[in-house]
Amino acid sequence: MKTRITIIPFLIQLAQLLLLLLLPCHRYTAYAAGGTWDLLMSNIGISAMHMQLLNNDRVIMYDRTDFGASNISLPDGKCRNNPNDLTLKVDCTAHSVEYDVSTNSVRPLMVQTDVWCSSGSATSDGSLVQTGGFNDGENFVRVFKPCSGKTSTCDWKEIGSALIQSRWYATNHLLPDGRQIIVGGRDAFNYEFYPKTASTNNLFGLPFLQQTNDPREENNLYPFVFLNVDGNLFIFANNRAVLLDYMTNTIVKTYPQITGGDPRNYPSTGSAVLLPLNMQQETIRAEVLVCGGTKKGSYLRAQRGKFLGALNTCGRITITDPNPKWIMETMPVARTMGDMVILPNGDVLIVNGAGAGTAGWELGRSPVLSPVIYRPDDSLGSRFEVQNPGTIPRMYHSTTVLLRDGRVLVGGSNPHGFYNFTGVLFPTELSLEAFSPSYLDSRSANSRPRIISPASQRKVKYGERIDIRFTIRGSIKRDLVKVTMVAPAFNTHSNTMNQRMLTLSGGKVTGVGISTYKINSIFPNSKNLAPPGYYMLFVVHQDIPSEGIWIRIQ
């Protein structure tokens, strides 16, 4: 059902509008709210601190095992017996659920060891591989292989001592060969791989992570990691970045410090995306956008009850340039603990977070209820557009993922050491919402494509050409049609791991029947551009995407 917009969010929205009018106009877009919010479930039983969409349109979510009893029981009288648990050694409640998008329902899952502040990624076969955590879970790997049907019984499989280094606040990324790389974490200034081979069954030191560690604050946890088009890894931590050849453990490029020098990683907690890769370019350009965070020292100040304002700046850098430079932009709303989601049309949604304080227990203030759309291809100074506000504060431990129907799933928020629903500024949130960007408005229905073929779950090869057939009910602007593919991402702590979008190259749009068209699209010819696995494929017309289909590139 639709949420009701109350007077408080309206006043916040009005205040943001007045702020925009007072600030230098050449740095801000005009205010133009859009998008709608829907409350999907008021109680999923857990607080969705981690999220991953799988290729069966189900979303795996989990929080942590030492929160105490959750609000959803394990099935069939199961209980978790764990003498190492710090809160509840016998726990008959679930701390992970599977959300079914089609039925808007959840199924409890069994996780044995503590998954708090862990990392993960979907693999090339569609499984979720999750690594690390806290306490007894810090060296574990857990695998969830998706299954379908009303009587699904698939569940987590846990593999002990699968990691050499304990991983807490680390970042994962899928590699061109199908392995995952796990980078960093608290007191972990190195990286490792999963699964391991004889030559990679060890740790690889990364002094860059130690160099970016601020005493008593860190500000380099959950580093932002992106696979560059040359096969190397762009790693951003704190306020600077390097390009790593992970095969030889060599830094091949050092990037300039982000302008201003403010920290952007946990607990300052900005967010980042690799902007869409355009296969139509003769030389493919890769750009990274880093937004929000807090000033150095904010974490220590917040611990003493002084909550400094969040950053309102974004830095954008072309990581493939020989001499890259940061271009700074100003957001209409300052934000820390925000999440950035690439939409099917190539826009970026910035959502969730706080206007003051930092990540950490009880350290955030001034929830930011209004999302912002960033349009990368618009001219500098006119890329941001504030959206309609939600009503639920999504603070520390909030999450988002893109769904195949173009909506953005939003959940989580628990800035407390346990489940805490009363007597606090921001109670533990068990609800689940969806934000629908304006391209899903009914007035766009006649311009919205609908894919006819290929069918979902199609397997494609690298460099393969495929005719994609689609319908559009209204008139078509053929030069404004494109095909995009988006990797399903793992999200936690404002870090959306393995997030990647590509715009495919191909021929012109041709008519093949009444309101029916086809476009011949060419899939990427390199695993450096698109690591093997499942992607959501969209036809986009005038920035209005179709519902996606699943494809598997291999």
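This passage describes the disulfides of a predicted model and the exposure of their cysteines. The structure holds 3 disulfides, and when the bonded cysteines are numbered in sequence order the pairing reads 1-2, 3-4, 5-6.

In the pair formed by Cys79 and Cys92, the sulfur atoms lie 1.8 Å apart, and the link is right-handed, with 90° about the S-S bond. Cys79 is placed in the loop between strand E3 (58-62) and strand E4 (80-81), and Cys92 in the loop between strand E5 (90-91) and strand E6 (96-100), so that the disulfide ties together parts 13 residues apart in sequence. Both cysteines count as partly exposed, Cys79 at 27% relative accessibility and Cys92 at 35%.

Cys147 is joined to Cys154 by a disulfide with an S to S distance of 2.0 Å; the torsion about this S-S bond is about -90°, and the disulfide of Cys147 and Cys154 is therefore left-handed. Cys147 is partly exposed, its relative accessible area being 21%, whereas Cys154, with 12%, is buried.

The disulfide between Cys291 and Cys314 has an S to S distance of 2.1 Å and is right-handed, with 115° about the S-S bond. This pair connects distant parts of the chain, since Cys291 belongs to strand E22 (residues 287-291) and Cys314 to strand E23 (residues 313-318), 23 residues apart. Cys291 is buried, with a relative accessible area of 3%, and Cys314 likewise counts as buried, at 0% relative accessibility. A further cysteine, Cys117, is also buried, with a relative accessible area of 0%.

Conventions: Residues are numbered from 1 along each chain as its sequence is written. This is a predicted model: local features need pLDDT of at least 70, side-chain atom pairs count only at pLDDT 80 or more; totals for chains, interfaces and linings use all residues. Side-chain values use heavy atoms; hydrogens and water are left out. A disulfide is a pair of cysteine sulfur atoms within 2.5 Å. Helices (H or I, at least four residues) and strands (E, at least two) are DSSP runs, numbered from the N terminus. Buried means under 20% relative accessible area, exposed over 50%, partly exposed in between (1.4 Å probe, protein chains only).
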